[in-house]
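Me: I would like to go through this model step by step, beginning with the ligand and then moving on to the strands and helices. Could you take my questions in turn?

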Amino acid sequence: MNAESDRKLIIVFTGPDGSGRKTVADSVGATLGMGKVLSYATRKPRPGEVNGQDYHFITSELYEQFDRAGEFIESISINESRYGVRGSDIDQSLQLGGSVYLILNPEGAQLLKEQYGDQVVRLFIYADRRTVQERQQEAGIDPAIVQSKMDQYETAIAYQPKCEHAFENYDLAHTVFDISNTLEHYLQRNLVERD
Ligand SMILES: Nc1ncnc2c1ncn2[C@@H]1O[C@H](COP(=O)(O)OP(=O)(O)OP(=O)(O)O)[C@@H](O)[C@H]1O
Ligand SMILES: Nc1nc2c(ncn2[C@@H]2O[C@H](COP(=O)(O)O)[C@@H](O)[C@H]2O)c(=O)[nH]1
């Protein structure tokens, strides 16, 4: 990484599954013109998911190859699938464009914070248990997967105090507006520091 890339931000959207992290993140990303760094996943795409937009969907063999080569700066297993972020993807996106964003579970958010320090801003997106469960059911996610995600709800919620900011997500437009305002302050400050 170079000094220029160091000043750009890595925005991590985290929180419980089903809180709306992806929906909020993509809308904020489009509003502020931030690039998305996709994770690599070995699971099959769900209906509506697109390779290269939601994840890089890859085979277990290719994942293993990347992993052995030390390409992932963090890598987790959930429900027999593997997920990871390649450090080179983050560094390249930072060098080519402006600030970037990712959507990770709290474990991944913590690992990125430990590696990139102040460059990482963690945004915790949340809603109550019943709401996130209903959203996942309405999105058509397999009931067994919903159950396993709900089993992690309290653990995920416990991560909120560690994050730089937290936003409840009920009224989507309101959530996106609040987050965009918050991030604009960071981005302006970085621009001023560069002058
Ligand atoms: N504010 C909101 N009001 C109503 N529905 C919402 C809101 N935000 C997101 N949703 C819907 O909730 C569902 C889950 O959202 P999303 O996939 O963005 O969540 P997530 O936190 O990334 O969870 P997962 O990892 O399980 O996909 C989607 O169907 C999305 O359209
Ligand atoms: N720590 C990481 N968490 C990740 C990564 N990619 C996705 N995720 C999170 O995993 C769960 C399950 O995702 P799903 O799409 O199968 O529902 C969810 O919390 C994702 O945000 C990653 O590279 N590292």
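Reply: Gladly, with the reminder that this is a predicted model. To begin at the ligand, Gly-20, Arg-21, Lys-22, Thr-23 and Arg-135 come nearest among the 15 residues around ligand 1.

Me: Which helix gives the largest share of the shell around ligand 1?
Reply: Two helices, α2 (21–32) and α6 (129–138), each supply at least two residues of that shell. The largest share amounts to three residues, and the helix that supplies this share is α2.

Me: How many residues of the shell around ligand 1 are charged?
Reply: The shell contains four nonpolar residues and six polar ones. The remaining group in this division is the charged one, and the number of charged residues is five.

Me: Which residues does the UniProt domain annotation cover?
Reply: The annotation comes from an unreviewed UniProt entry and reads "domain: Guanylate kinase-like". Over the annotated stretch the chain is 45% helix and 22% strand, with the end C-alpha atoms 13 Å apart. The residues covered are 8–184.

Me: Which strands stand at the edges of the open sheet of five strands?
Reply: The strands of this sheet pair in the parallel sense and follow the order β2-β7-β1-β8-β9. A strand at the edge has a single partner, so one of its sides is left without a neighbour in the sheet. The strands in that position are β2 (35–36) and β9 (165–168).

Me: Which residue in β9 stands opposite Ile-125?
Reply: Strand β8, residues 120–126, runs parallel to β9 and is joined to it by four bridges. Opposite Ile-125, the residue in β9 is Phe-167.

Me: At about what angle to β1 does helix α5 run?
Reply: Two helices can be described against this sheet: α2 lies across β1 (10–14), β2, β7 (100–103) and β8, and runs at about 170° to β7. Helix α5, residues 106–116, lies across β1 and β8. Its angle to β1 is about 160°.

Me: Why is strand β6 described as largely enclosed by the rest of the structure?
Reply: Strand β6 spans residues 81–86 and pairs in the antiparallel sense with β5 (residues 72–78) over six bridges, while two bridges join it, also antiparallel, to β3 (residues 40–41). The description itself rests on burial, because of the six residues of β6 the number that are buried is five.

Me: Which residue in the turn between β5 and β6 has a positive phi?
Reply: β5 and β6 form a hairpin with two residues between them, and within this pairing Ser-77 stands opposite Arg-82. The phi in question is about 50°, and the turn residue that has it is Asn-79.

Note on methods: Residues are numbered from 1 along each chain as its sequence is written. Chains are lettered from A and ligands numbered from 1 in the order in which they are written. This is a predicted model: local features need pLDDT of at least 70, side-chain atom pairs count only at pLDDT 80 or more; totals for chains, interfaces and linings use all residues. A residue is near a molecule or strand if its C-beta atom, placed from the backbone, lies within 6 Å of it. Ala, Val, Leu, Ile, Met, Phe, Trp, Tyr, Cys and Pro count as nonpolar, Asp, Glu, Lys and Arg as charged, and the others, Gly among them, as polar. UniProt positions are given in the numbering used here, feature names are shortened, and annotations may be inferred rather than shown by experiment. Two strands pair if DSSP finds at least two bridges between them. Two residues are in contact if their C-beta atoms, placed from the backbone, lie within 7 Å. Axes are lines fitted to C-alpha atoms, for helices over the stretch in contact, and angles run from 0 to 180 degrees between N-to-C directions. A residue is buried if 20 or more other C-beta atoms lie within 10 Å of its own, exposed if 12 or fewer, and partly exposed in between; C-beta atoms are placed from the backbone.
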